[in-house]
Structure formats: C-alpha cells, structure tokens
Amino acid sequence: MSNQLIQLNIRFKAKPGKRDEFRKELSSLIEEMSSEKAFISAIVSNDLDNPDDLIIYETWQGTRDSWLAEEFIKPYRKNYEETLGNLVIDRSVSWLEPQGEWGSKITNV
C-alpha cells in the first residue's frame with residue numbers, strides 16, 4: 001500500500017428541505033467506505049453561514065489516480081451517486097495533498 005495520502009474536500013449544496021435526507025445518505029456511504037483498506041478518516045461539517053451546505057473532508061491512503069481507480073468504482077458508490085440528483089443542487093470537489101499537520105494524529109499512518 002502507498003505511503004502517500006490524498007484528501008478530498010467536497011462541498012454539497014442540498015436541495016431545499018433535503019439536507020437531513022442527504023445527510024442520512026452520506027452517513028450510509030461513510031459507513032460503507034470506512035471499512036475500505038485505504039480509508040483513514042472522514043469529517044462531515046455543517047456550513048454555519050449556508051445551512052443547506054454540508055462539507056465532507058476525507059483522508060485516504062494513496063493518490064488521486066489510485067482513489068479514482070480503486071475507490072470510486074465500488075458498487076455502493078454507484079447507488080449513492082444515483083441518489084445525489086434528487087438530493088443536491090451542486091457538488092464541488094477539491095483534491096488535496098497534505099503537507100503538514102498540527103493538533104491531531106489523523107494522518108500519522
């Protein structure tokens with residue numbers, strides 16, 4: 001397994017009245033993906049200034065290419081992706097490569 005880490009910062013804008021339903025779907029996805037060998041952590045946050053927005057911050061062992069080749073193709077993700085159109089207006093993904101960490105041990109693997 002790679003010693004590299006990749007992080008995804010994903011912002012979702014839920015459709016009006018759908019945030020709680022989307023949060024349940026997202027939580028189910030996290031339960032599934034948390035058992036993956038390359039999974040390190042996930043943090044879901046509410047945006048205090050935008051109540052329909054949820055942000056997930058994921059840390060994975062590997063690279064963007066390995067994540068896309070190995071994780072994105074999982075069958076449970078297909079089901080999740082199919083539900084997003086009914087629950088979210090927009091999704092933006094930032095791919096990050098960690099360079100340092102203070103105050104936690106999340107990326108000490």
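Strands E2 and E3 form a hairpin, with two residues between them. This is a predicted model, so let's read it as one while we walk through it. E2 and E3 (residues 50-61) run antiparallel and share eight bridges. Towards one end of the pairing, aspartate 47 has asparagine 50 in E3 as its bridge partner. Elsewhere in the pair, phenylalanine 39 is matched with tryptophan 60 of E3.

**The whole sheet**

The hairpin belongs to an open sheet of four strands, ordered E2-E3-E1-E4, with antiparallel pairing. E2 (39-47) and E4 (88-96) each have a single partner strand, so they stand at the edges and one side of each has no neighbour in the sheet. From one strand to the next, the twist averages 15°. As general background, the strands of a sheet pair through backbone hydrogen bonds, in either a parallel or an antiparallel way. E3 also pairs with E1 in the antiparallel sense, this time over nine bridges. Here arginine 11 stands opposite isoleucine 55 in E3.

The pairings described above can be set side by side:

| Strand pair | Sense | Bridges | A facing pair of residues |
|---|---|---|---|
| E2 and E3 | antiparallel | eight bridges | phenylalanine 39 and tryptophan 60 |
| E1 and E3 | antiparallel | nine bridges | arginine 11 and isoleucine 55 |

**Helices on the sheet**

Which strands does helix H1 lie across? H1 (residues 19-33) lies across E1 (5-14), E2, E3 and E4, and runs at about 5° to E3. Helix H3 (residues 75-87) packs on the sheet too, where it touches E1, E3 and E4, and its direction makes about 130° with that of E4.

H3 has two faces worth comparing. Its buried residues are Tyr76, Arg77, Tyr80, Leu84 and Leu87. Because these residues cover an arc of only 90° around the axis, they sit on the same side of H3. A general rule helps here: an α-helix has 3.6 residues a turn, so residues three or four places apart point the same way. The face of H3 turned away from the buried side carries the exposed residues Pro75, Lys78, Glu82 and Asn86. The cover over the buried residues of H3 includes E1, H1, E3, E4 and helix H2 (64-70).

**The nonpolar core**

The largest nonpolar core has 20 residues, and those touching the most other members are Phe12, Phe22, Leu26, Met33, Ile56, Trp60 and Tyr80. E1, H1, E3 and H3 are the elements that give two or more residues to this core. Which element gives the largest share? It is H1, with five residues.

Methionine 33 makes a good example to look up in the structure. Leaving aside residues up to four places away in sequence, methionine 33 touches Phe39, Ala42, Ile56, Glu58, Trp60, Tyr76 and Arg77.

**A record to compare**

An unreviewed UniProt entry lists residues 9-61 as "domain: ABM". Over residues 9-61, the chain is 28% helix and 51% strand, and the end C-alpha atoms lie 15 Å apart.

Note on methods. Residues numbered from 1 in each chain as written. Predicted model: local features only at pLDDT ≥ 70, side-chain atom pairs only at ≥ 80, totals over all residues. Heavy atoms only, no water. Pairing = 2+ DSSP bridges. Axes fitted to C-alpha atoms, helices over the stretch in contact; angles between N-to-C directions. Contact = heavy atoms within 4.5 Å. Core = buried A, V, L, I, M, F, W, Y, C linked by side-chain atoms within 4.5 Å. Buried < 20%, exposed > 50% of the residue type's maximum accessible area, 1.4 Å probe, protein only. UniProt positions renumbered as here; feature names shortened; annotations may be inferred. Arc of directions from axis to C-beta.
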